[in-house]
Amino acid sequence: MSIALQDRFVSDLPELAVRWQAESAPEPRLLVLNTVLAGELGLDPDWLRGPGMGLLLGSDVPEGAAPAAQAYAGHQFGGFVPRLGDGRALLLGELTDREGRTRDLHLKGSGRTPFARGGDGLAAVGPMLREYVISEAMHALGVPTTRALAVVATGRPVYRETQLPGAVLARVASSHLRVGTFQYAASTGDRALLTRLADHAIARHHPSAADAEHPYLALFDAVIAAQADLVARWMLVGFIHGVMNTDNMTISGETIDYGPCAFMEAYDPETVYSSIDSWGRYAYGNQPSVALWNLARFAEALLPLFDEDTERAIKLAETSLHAFQGHYDRRWTAGMADKLGLPDVPGDVVGGLAGEALTQLQQNGLDYTSFFRRLAEAARGDAEPVRGEFIDLATFDDWLTRWRALQPDADLMDRANPVYIPRNHLVEEALTAATAGDLAPFEALMAAVGSPFEERAGLERYAEPGQKEFTASFRTFCGT
Ligand code: AMP
Ligand code: MG
């Protein structure tokens with residue numbers, strides 16, 4: 001089949017792209033293919049499984065395609081790194097999907113590029129399947145995210161603490177423009193390049209900004225709104241990104257770069273899983289303020305486009321940044337209203353009840369996800385499953401009485417509260433088996449988290465939190 005891959009990024013922004021080729025794979029073997037997503041992209045799954053597998057590895061790209069490593073900078077844990085870029089990834093090009101949307105086709109683990117620094121440019125099967133399962137679970141939960149198209153084992157060993165099987169992830173995103181992309185462009189001092197990048201971002205993601213009185217400020221406002229919305233959704237599902245560096249924050253508002261991410265189990269704002277986040281900078285409860293900090297770094301990059309006068313530009317940026325909290329609060333409260341089955345109750349009442357419930361979850365050490373699902377049973381008349389979890393029952397009963405008096409909608413709650421999330425112990429179990437050659441647990445987990453809201457008999461173990469001891473010592477890793 002013939003694939004039309006465009007080279008919009010490379011031709012609009014050649015200064016930010018290094019044309020490059022993927023390394024060939026000695027013994028490619030398809031581990032998982034997202035047939036639904038392939039269909040959306042107009043790619044024939046049977047072709048991808050056979051003669052088209054080279055596309056998923058970057059070894060066989062269509063005529064005219066211009067694969068490239070993208071340049072970006074970024075604040076990593078607060079410190080600015082002027083040159084990061086795709087060290088082990090390539091943008092193959094853009095596809096127009098069945099709905100006419102432009103989507104990046106991108107590879108991760110495709111070999112060293114000029115941005116690789118000390119890295120080997122490779123990725124192991126486990127971490128690539130990890131991105132696959134968690135990003136697809138996020139999509140099924142309704143959270144904007146890059147998508148996973150396929151993971152192909154390369155047959156090449158990758159050396160980490162041990163020797164591991166290598167793999168390439170093919171992922172799809174509405175773009176790979178990051179805050180760090182703007183920081184890189186700004187740091188060159190080339191104002192024309194920064195303007196071209198901003199115009200490219202407006203055209204791709206926030207076209208209405210082009211008609212605004214001040215297009216670049218409108219772009220900034222749109223990104224603030226998109227990021228506030230995104231992080232509120234993370235908080236609502238208990239997702240911890242783990243490495244919210246500015247190079248991992250998209251302009252589109254999609255979640256990107258699933259490295260040390262994980263889902264919180266027992267509710268605790270201080271939850272951190274990442275082995276490298278020793279100060280808890282990217283703890284669950286810090287995510288909204290980190291997003292705002294990252295947006296302030298975005299503003300710094302955009303200042304020359306806001307106004308010739310730096311003082312005035314800073315004032316404009318500050319005014320825009322003030323809107324973040326309102327966007328965040330509105331999305332979070334609306335999401336909590338659904339989770340509590342109270343769509344028509346005033347936001348301050350919902351916020352108050354939600355805050356009290358979260359305090360009680362924390363004090364009683366209760367699992368965040370399953371609490372809300374059990375609570376729906378209480379809305380239907382059976383409060384025992386949820387009551388049975390609490391140590392401090394008197395306080396909870398008082399809450400329960402006030403909440404029930406508002407006549408919560410149990411069906412709405414079931415549509416808002418997942419039964420199945422990619423729980424850490426299940427993800428680890430699936431990846432360990434897959435690394436050893438058994439994909440069955442991975443496929444079973446994918447089937448569970450692919451339809452997170454629909455409770456099914458036989459999947460009980462996918463709904464349970466892990467053992468407390470497992471969760472307490474669980475650590476995730478970055479750039480693995
Ligand atoms: P990440 O933590 O995955 O967002 O990556 C941060 C930076 O490190 C990016 O510039 C990556 O391209 C780069 N990187 C991570 N792992 C590798 C690797 N194995 N080889 C080369 N570059 C890497
Ligand atoms: Mg990254």
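**View 1. The shell around ligand 1 contains residues of three classes.** In this predicted model, the residues of the shell around ligand 1 comprise five nonpolar, seven polar and six charged ones. Here Ala, Val, Leu, Ile, Met, Phe, Trp, Tyr, Cys and Pro count as nonpolar, Asp, Glu, Lys and Arg as charged, and the others, Gly among them, as polar. In total, 18 residues surround ligand 1, and the closest are G85, G87, R117, D120 and G121. A residue is near a molecule or strand if one of its heavy atoms lies within 4 Å of it.

**View 2. Polar atoms of G85, R117 and D257 approach ligand 1****.** A polar contact is a pair of N or O atoms within 3.5 Å; within protein, one must be able to donate a hydrogen and the other to accept it, and residues adjacent in sequence count only if both atoms are side-chain atoms. From the backbone of G85, an N or O atom lies 2.6 Å from an oxygen atom of ligand 1. R117 places a polar side-chain atom 3.1 Å from an oxygen atom of ligand 1, and D257 places a polar side-chain atom 3.3 Å from an oxygen atom of ligand 1. Ligand 1 taken alone exposes 480 Å², of which the protein buries 86%. Accessible areas come from the Shrake-Rupley method with a 1.4 Å probe, and for residues only the protein chains shown count as cover.

**View 3. N248 and D257 coordinate the magnesium ion****.** The magnesium ion (ligand 2) is held by N248 (OD1) and D257 (OD) at 1.9 to 2.2 Å. Donors are N, O and S atoms within 2.8 Å of the metal (3.2 Å for Na, K and Ca); water is not among the atoms, so sites may look incomplete. N248 counts as buried because its relative accessibility is 8%, and D257 is buried with a relative accessible area of 14%. Buried means under 20% relative accessible area, exposed over 50%, and partly exposed in between (1.4 Å probe, protein chains only).

**View 4. Strand β9 pairs with β7 and with β8****.** Helices (H or I, at least four residues) and strands (E, at least two) are DSSP runs, numbered from the N terminus; two strands pair if DSSP finds at least two bridges between them. In strand β9 (residues 163-173), eight of the 11 residues are buried, so this strand is largely enclosed by the rest of the structure. Strand β7 (residues 102-108) runs antiparallel to β9 and is joined to it by five bridges; L107 stands opposite A170 in β9. Strand β8 (residues 147-159) pairs with β9 in the antiparallel sense over nine bridges, and A150 also stands opposite A170. Three residues lie between β8 and β9 in the hairpin that they form, and Y159 faces Q163 in β9.

**View 5. H106 in strand β7 contacts L90 and H176****.** H106 counts as buried because its relative accessibility is 1%. Its side chain reaches the backbone oxygen of L90 at 3.4 Å. A polar contact of 3.4 Å also joins the side chains of H106 and H176.

**Notes.** Residues are numbered from 1 along each chain as its sequence is written, while chains are lettered from A and ligands numbered from 1 in the order in which they are written. In this predicted model, local features need pLDDT of at least 70 and side-chain atom pairs count only at pLDDT 80 or more, whereas totals for chains, interfaces and linings use all residues; side-chain values use heavy atoms, with hydrogens and water left out.
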